[in-house]
Amino acid sequence: IEPRLKEKCQYGSMVQAVALSLLDTVNAPVNKTGMFLAGLTAGELAPCDGYISKLQNRAGQALVLFCEDLRMLMITRTLLYWDDTVIMINTARACFRFYGDEKIAYYTAHLHKDMESLDDDSVLAFLTADTKIMHDHNKVNYNDNLTKIHDMALAAYIQALFQYLINLSL
């Protein structure tokens, strides 16, 4: 940055990270976050409330690109695990979903556990026939839009069902 464009106070990424951690993890108010940083540094760093209040928005905008890149990475995996569960948000039932493998994880949350929320995730619909997925036995696996996906758990379930039927006939 050109010297003429610099302000008297330039805060680095570590100060921003500490401030965000206080805001998001500890739920510290904006004014108390600035006071904490000032007290911790004997007044050397005293970010104003306006600066601190803009940090969450800036971090959130950066996360949008990160989440999109992560979603694209999920689509390129050759083996993808996914699962969802019902969670409570206040008093309403909602859905928390996982996509990933042994190395990476992508989480989404929706107000409903349904096909529309799967479509909103834009993961399963974009997988190719080369991708193998693992999921428990679930009605959504029979959806016509997902027939190109090779669901290993579904194949194992069908194999076990056939074995059960063969054993019954013996």
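# Three helices and the residues between them

Leu45, once its neighbours within four places in sequence are set aside, is in contact with Tyr11, Val15, Leu37 and Ala38. This residue lies in the loop between helix 2 and helix 3, and in this predicted model its relative accessible area is 24%, so that Leu45 is partly exposed. The C-alpha atoms of Leu45 and Tyr11 are separated by 8.0 Å, although the two residues are 34 residues apart along the chain. To see where such contacts belong, it helps to step back to the whole chain before returning to the helices.

The protein has five helices and five strands, and, when one reads along the sequence, these elements follow the pattern α-α-α-β-β-β-α-β-β-α. Of the 170 residues in the protein, 29% are buried. The surface that the protein exposes comes to about 11700 Å², and carbon and sulfur atoms supply 60% of that area. Among the contacts in the protein with a separation of 6 or more, 39% are accounted for by residues 24 or more positions apart.

The pattern begins with three helices, and these can be taken in pairs. Two packed helices are described by the angle between their axes and by the distance between those axes, and both values are given for each pair below.

How do helix 1 and helix 2 cross, and at roughly what angle? The axes of helix 1 and helix 2, the latter formed by residues 30-40, come within 10 Å of each other and cross at roughly 135°, which makes helix 1 oblique to helix 2. The crossing by which helix 1 passes helix 2 is right-handed. On the side of helix 1 the contact is made by Val15, Val18, Ala19, Leu22 and Leu23, and on the side of helix 2 by Val30, Thr33, Phe36 and Leu37. Sorted by class, the residues in this contact of helix 1 with helix 2 are eight nonpolar and one polar, with no charged residues. Two of the residues named here, Val15 and Leu37, also appear among the contacts of Leu45.

Helix 1, which spans residues 13-24, also packs with helix 3, which spans residues 49-75, and here the angle is about 90° while the axes are 10 Å apart. Helix 1 and helix 3 are therefore roughly perpendicular to each other. In this contact Gln16, Ala19, Leu20, Leu23 and Asp24 of helix 1 meet Tyr51, Ile52, Leu55, Gln56, Arg58 and Ala59 of helix 3. By class, the contact of helix 1 with helix 3 has seven nonpolar, two polar and two charged residues.

The remaining pair among these three is helix 2 with helix 3, whose axes come within 9 Å and cross at roughly 110°, so that helix 2 is roughly perpendicular to helix 3. The crossing of helix 2 and helix 3 is right-handed. Val30, Asn31, Thr33 and Gly34 of helix 2 make the contact with Asp49, Ile52 and Ser53 of helix 3. The residues of this contact of helix 2 with helix 3 divide into two nonpolar, four polar and one charged.

Which residues does Val30 touch, leaving aside its neighbours within four places in sequence? Val30, which lies in helix 2, is in contact with Leu23, Asp49, Ile52 and Ser53. Of these, Leu23 takes part in the contact that helix 1 makes with helix 2, whereas Asp49, Ile52 and Ser53 belong to helix 3. With a relative accessibility of 26%, Val30 counts as partly exposed. Measuring from C-alpha to C-alpha, Val30 and Leu20 are 9.8 Å apart in space, and in sequence they are 10 residues apart.

Two loop residues deserve a separate look because of their backbone angles, since most residues other than glycine have a negative phi. Ala42 is not a glycine, yet it has a positive phi of about 55°. Ala42 lies in the loop between helix 2 and helix 3, and, with a relative accessible area of 74%, Ala42 is exposed. Asn90, also a residue other than glycine, has a positive phi, with a value near 55°. Asn90 is found in the loop between strand 1 (79-89) and strand 2 (92-100). Is Asn90 buried or exposed? Its relative accessible area is 75%, so Asn90 is exposed.

Conventions. Residues are numbered from 1 along each chain as its sequence is written. This is a predicted model: local features need pLDDT of at least 70, side-chain atom pairs count only at pLDDT 80 or more; totals for chains, interfaces and linings use all residues. Side-chain values use heavy atoms; hydrogens and water are left out. Axes are lines fitted to C-alpha atoms, for helices over the stretch in contact, and angles run from 0 to 180 degrees between N-to-C directions. Helices (H or I, at least four residues) and strands (E, at least two) are DSSP runs, numbered from the N terminus. Angles under 35 degrees count as roughly parallel, over 145 as roughly antiparallel, 65 to 115 as roughly perpendicular and the rest as oblique. Contact means heavy atoms within 4.5 Å. Ala, Val, Leu, Ile, Met, Phe, Trp, Tyr, Cys and Pro count as nonpolar, Asp, Glu, Lys and Arg as charged, and the others, Gly among them, as polar. Buried means under 20% relative accessible area, exposed over 50%, partly exposed in between (1.4 Å probe, protein chains only). Accessible areas come from the Shrake-Rupley method with a 1.4 Å probe; for residues, only the protein chains shown count as cover. A crossing is left-handed if the near helix is turned anticlockwise from the far one by less than a right angle, and right-handed if clockwise.
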